[in-house]
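Student: Got a minute? I'd like to go through this one with you.
Tutor: Sure, put it up and ask away.

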Amino acid sequence: MRRLLQWLPNTLTIMRLLLAIPIGFYIARQEYDLALWLVLGAGLSDGVDGWLARRLNAMTRFGAIADPLSDKALMSAAFIGLAWVGLIPWWLTAVVIGRDLIIVCGAVTYHLLVGPVKVSPSRLSKFNTLLQICFSVSLLLNQVFPLLPNIVFVVGTWLILAMALVTGADYVFTWSRKGRQDLHAHLRRNR
């Protein structure tokens with residue numbers, strides 16, 4: 001039974017990853033209430049899977065990689081859907097997804113050239129993800145219950161842009177430096 005429970009966090013992560021498709025679909029169809037419930041469920045599962053992984057001592061390499069990929073898939077689907085219906089500009093979606101693609105490509109390159117990547121998002125990156133989630137949920141919520149003034153979303157758009165650029169640059173700088181150091185150390189050991 002204990003062994004079965006240890007797979008529960010990863011199962012929740014996979015389920016959250018699979019929610020990306022219906023979330024994007026319901027946003028694109030302007031069924032904001034359904035999309036909102038799915039986003040809230042995905043957000044809840046994100047907190048629960050991390051808590052369970054720590055509680056059950058079930059932290060795995062798979063979970064460490066799949067968890068942030070699930071977040072990226074969900075945000076990508078939400079931002080594509082939101083741009084599709086005109087709630088956000090396409091350029092913002094391109095910047096958000098472009099940042100994530102640069103990070104993933106950088107991690108793959110690091111893995112191929114240097115070795116295994118220890119997946120650990122920075123606090124700044126965690127804040128970026130939280131900001132994107134709050135922005136998306138606020139937009140969806142405002143479609144169901146229009147209470148917020150448009151200025152909130154104008155400011156939110158520019159905050160999302162700024163955070164994507166800052167955190168993207170931070171990842172590129174940090175991992176480029178780390179990659180160079182680790183590659184040089186690896187080459188010195190193998191001489």
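Student: What share of the 191 residues in the chain is buried?
Tutor: Buried residues make up 36% of them. Keep in mind that this is a predicted model.

Student: Okay. And how many helices and strands does the chain have?
Tutor: There are 8 helices and 0 strands. Reading from the N terminus, the order is α-α-α-α-α-α-α-α.

Student: What does the C-alpha trace span along its principal axes?
Tutor: About 65 × 45 × 25 Å.

Student: What about contacts with a separation of 6 or more, how much of that comes from residues 24 or more positions apart?
Tutor: Those pairs account for 78% of such contacts in the chain.

Student: Let's do the surface. How much is accessible, and what part belongs to carbon and sulfur atoms?
Tutor: The accessible surface of the chain comes to about 11,600 Å², and carbon and sulfur atoms hold 70% of that.

Student: Which residues form the nonpolar patch on the surface?
Tutor: Trp91, Leu141, Phe145, Leu147, Leu148, Ile151, Val152, Val154, Val155, Trp158 and Leu159. Together they have about 1,100 Å² of accessible area.

Student: Which helix gives the largest share of the patch?
Tutor: Helix 8, residues 150-189, with 6 residues. Val154 is in that helix.

Student: Why does Val154 count as partly exposed?
Tutor: Because its relative accessibility is 36%, and partly exposed runs between the 20% and 50% cut-offs.

Student: Switching to Asn128: where is it, and is it buried or exposed?
Tutor: Asn128 is found in helix 7, residues 123-144. It counts as buried because its relative accessibility is 0%.

Student: What does Asn128 touch, leaving out residues up to four places away in sequence?
Tutor: Arg99, Met163, Ala164 and Thr167.

Student: And charges? How many side chains of each sign are there?
Tutor: The chain has 18 positive and 9 negative ones. The centres of the two sets lie 14 Å apart.

Student: Last topic, the backbone. What is the phi of Gln30?
Tutor: Gln30 has a positive phi of about 60°, although it is not a glycine. Most residues other than glycine have a negative phi.

Student: Where does Gln30 sit?
Tutor: In the loop between helix 3 (20-28) and helix 4 (32-55).

Terms used. Residues numbered from 1 in each chain as written. Predicted model: local features only at pLDDT ≥ 70, side-chain atom pairs only at ≥ 80, totals over all residues. Heavy atoms only, no water. Helix = DSSP H or I, 4+ residues; strand = E, 2+ residues; numbered from the N terminus. Buried < 20%, exposed > 50% of the residue type's maximum accessible area, 1.4 Å probe, protein only. Contact = heavy atoms within 4.5 Å. Areas by Shrake-Rupley, 256 points an atom, 1.4 Å probe, with all protein chains shown as cover. Lys, Arg positive; Asp, Glu negative; His and termini not counted. Charge placed at Lys NZ, Arg CZ, Asp CG, Glu CD. Patch = residues over 30% accessible without salt bridge, like charges linked within 9 Å, V, L, I, M, F, W, Y side chains within 5 Å. Salt bridge = Lys/Arg side-chain N within 4 Å of Asp/Glu carboxyl O.
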